[in-house]
Amino acid sequence: MANSKYEYVKSFEVEDEIMLPNIIVVRVDGRDFRRFSEVHEFQKPNDKKALDLMNECAKVILEHFPDVIFSYGYSDEYSFILKKETKFYQRRASKIHSLIVSLFTSVYVTKWKTLFPQKDLKYAPSFRSRIICCASTEILQAYLLWRQYDCHLNNQYDTCVWELINSGKTDKEAEEMLKGSLKQDKNELLYQCFNINYKKDIPEIFRQGTCTLKTEVEDIVKYKDDGCPVKRLRKKVIMVHSENIASMRFWRKQLSLSKELGQFTADINKTRPEYVKSFLHESKLLPYTWIIIRIDGCHFHRFTEVHEFEKPNDAEALNLMNSCAAAVLEEFKDIVFAYGVSDEYSFVVHKDAQLYQRHASKIVSAVVSFFSSMYTMRWNEFFPHKEMKYPTYFDGRAVCYPSREILIDYLAWRQVDCHINNQYNTCFWMLVKSGKSKSDAQNYLKGTQAQEKSDLLDQLSGRDNYYSRLPPMFRLGSSVYWDKEMKMLENEQGGAGKSRKIVVVKHRNIIESSFWEAHPEILDEKCNNGFTTPSVV
């Protein structure tokens, strides 16, 4: 990072390392997926293609992250388990769960057309994620038993409800008939009224959920001169269904799980959800503090090279990021401002906001997931002639700032960093394009000051004040906020009708106080721009 007088704001960041010997579980849940399934007309009570899509996303997670060795999912949720001794991103909770939910979301959007070729995505799907710290294999076993039992209970209930509805009952009548019923009662209802044997007639994927895990297989890598095959062991991701994933029998069959996580020492038949929930790694952000949700592209340097982004700045790539940031402000009304440069964005959540009751993981994951979803969905709008070769993803974190002044210093720090990095990159790529190697360009710029770089750009370009003539988006980054501008809406008679605030993307100097003086409503400490936060599931 660039050195500046604003660097002190980094001291407000809090470490969230998950200590050994805790086993890390990342649970991903659909965000308002009931509405999503209705809008996209998923088959009830279970849509096989929708479950296959979730399973494909889980498979990619295991293939992409070597330390994720097992997952279990049903409906709109998935739990990912990491190796016991993992050092994945230094075991930082926010980094781990945000990366996983971001990639999961991007893959969900990318693979949608494969599973639903006749259905368009009508709006961006998104997920939330959280960390569960299992202090022992016994707690992990109890967690898995709880999730699979939940799968069974929910599926049995939903199967009964939809059979009753399909037979002519209303939603309310079906729910009333099932009130207080036990498992056996539901089994008898399905068999006697609809001739359905729950265990035999309902597919395993619906009743038991899906396990995704890694196993070792022998692959032929080449043949010797005499025709004999040369074999190598490699990891392969497979999907299985099991009646009891928390049983010793199932665990012993999966040698990789026993090796990386340990053995289950006894079978358990039931567990208390309250007990397992007590191991949730959850922190509430301090009340009445400004919250920054900062997201950064993961391995974005490689992503830009593979997709041949223009260097040092690709205007369309930046406009795509800005479009996604604007969508985030429209989706989350408690976010009042955003500042972005390159592959990062910082979102300001109002100090009085009660978004997700200020639970850090829920806020971070919801924002990161929604941003990732929009990035993937809108790619073709900005790169119509360039196929996305693989889905990108982001990590996120939350930091609290106690005052408006410190918050503004944080944003100033990011803009100073934007200027220093962009000036350096502009010089670097101009040197490379002039014929120098990347190594020579780096050595040439080592130790140079801002004025020296500015003079170098004038010399290489043959133009005075070259850097100051660059587009403001490159030099100043992008600020996104609800502006005082009013967008006129046509009424039925074609008149002006009503008006509303709009989200704008501007490229301004936010270090100087003049910007904030011109827009006092952005960080108004007494209200949240007049918006009320919609209820979020």
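A student and a tutor discuss how descriptions of this predicted model follow from its computed values.

Student: What makes the chain as compact as a globular protein of its length?

Tutor: The chain, which has 19 helices and 13 strands, has a radius of gyration of 27 Å, close to the 24 Å that the globule rule gives for 537 residues, so the description as compact as a globular protein of that length follows. Along its principal axes, the C-alpha trace spans about 85 × 80 × 45 Å.

Student: How much of the chain is buried, and what share of its contacts comes from residues 24 or more positions apart?

Tutor: Buried residues, those under 20% relative accessible area, make up 51% of the 537 residues. Of the contacts with a separation of 6 or more, 74% are between residues 24 or more positions apart.

Student: What does the chain expose, and where do the centres of its positive and negative side chains lie?

Tutor: The chain exposes about 26,600 Å², of which carbon and sulfur atoms supply 49%. There are 76 positive and 72 negative side chains, and the centres of these two sets lie 3 Å apart.

Student: Why is Ser37 called buried?

Tutor: The relative accessibility of Ser37 is 7%, and because buried means under 20%, Ser37 counts as buried. Ser37 lies in helix 1, which covers residues 33-39, and, once neighbours within four places in sequence are left aside, Ser37 is in contact with Phe42 and Lys44. Lys44 is itself joined to Pro45 by a cis peptide bond, with omega about 5 degrees, and Pro45 lies in the loop between helix 1 and helix 2.

Student: Where else is there a cis peptide bond before a proline, and what is its omega?

Tutor: The peptide bond from Leu20 to Pro21 is cis, with omega near 10 degrees, and Pro21 is found in the segment before strand 1.

Student: Why is Glu85 called exposed, and what does Glu85 contact?

Tutor: Exposed means over 50%, and the relative accessible area of Glu85 is 54%, so Glu85 is exposed. Glu85 lies in the loop between strand 3 and helix 3, and, leaving aside neighbours within four places in sequence, Glu85 is in contact with Leu20 and Arg91. The C-alpha atoms of Glu85 and Trp146, which are 61 residues apart along the chain, are separated by 24 Å.

Student: What is notable about the phi of Gln90, and where is Gln90 found?

Tutor: Phi of Gln90 is near 55 degrees, a positive value in a residue other than glycine, and Gln90 is found in the loop between strand 3 (77-82) and helix 3 (93-115). Asn195 likewise has a positive phi of about 55 degrees although it is not a glycine, and Asn195 is found in the loop between helix 6 and helix 7. With a relative accessible area of 59%, set against the cut-off of over 50%, Asn195 is therefore exposed.

Student: Why is Arg232 called partly exposed?

Tutor: The relative accessibility of Arg232 is 47%, which falls between the 20% cut-off for buried and the 50% cut-off for exposed, so Arg232 counts as partly exposed. Arg232 has its place in strand 6, residues 229-240, and, not counting residues up to four places away in sequence, touches Val217, Glu218, Asp219 and Val221. Arg232 and Glu216, 16 residues apart in sequence, are 9.7 Å apart in space from C-alpha to C-alpha.

Student: How do you know that helix 15 is largely enclosed by the rest of the structure?

Tutor: Of the 30 residues of helix 15, 21 are buried, so helix 15 is largely enclosed by the rest of the structure. Helix 15 covers residues 404-433 and reaches 43 Å from its first C-alpha to its last, close to the 44 Å expected at 1.5 Å a residue. Just after helix 15, Gly435 takes a positive phi of about 120 degrees.

Student: How does the reach of helix 4 stand against the expected value?

Tutor: Helix 4 (residues 137-166) has 30 residues and reaches 43 Å from its first C-alpha to its last, which is close to the expected 44 Å. Just after helix 4, Gly168 takes a positive phi of about 120 degrees.

Student: Is Gln451 buried or exposed?

Tutor: Gln451, which lies in helix 17, has a relative accessible area of 53%, and because exposed means over 50%, Gln451 is exposed.

Key
Residues numbered from 1 in each chain as written. Predicted model: local features only at pLDDT ≥ 70, side-chain atom pairs only at ≥ 80, totals over all residues. Heavy atoms only, no water. Helix = DSSP H or I, 4+ residues; strand = E, 2+ residues; numbered from the N terminus. Rg over C-alpha atoms; globule rule 2.2 N^0.38 Å. Buried < 20%, exposed > 50% of the residue type's maximum accessible area, 1.4 Å probe, protein only. Contact = heavy atoms within 4.5 Å. Areas by Shrake-Rupley, 256 points an atom, 1.4 Å probe, with all protein chains shown as cover. Lys, Arg positive; Asp, Glu negative; His and termini not counted. Charge placed at Lys NZ, Arg CZ, Asp CG, Glu CD. Expected span 1.5 Å × (residues − 1).
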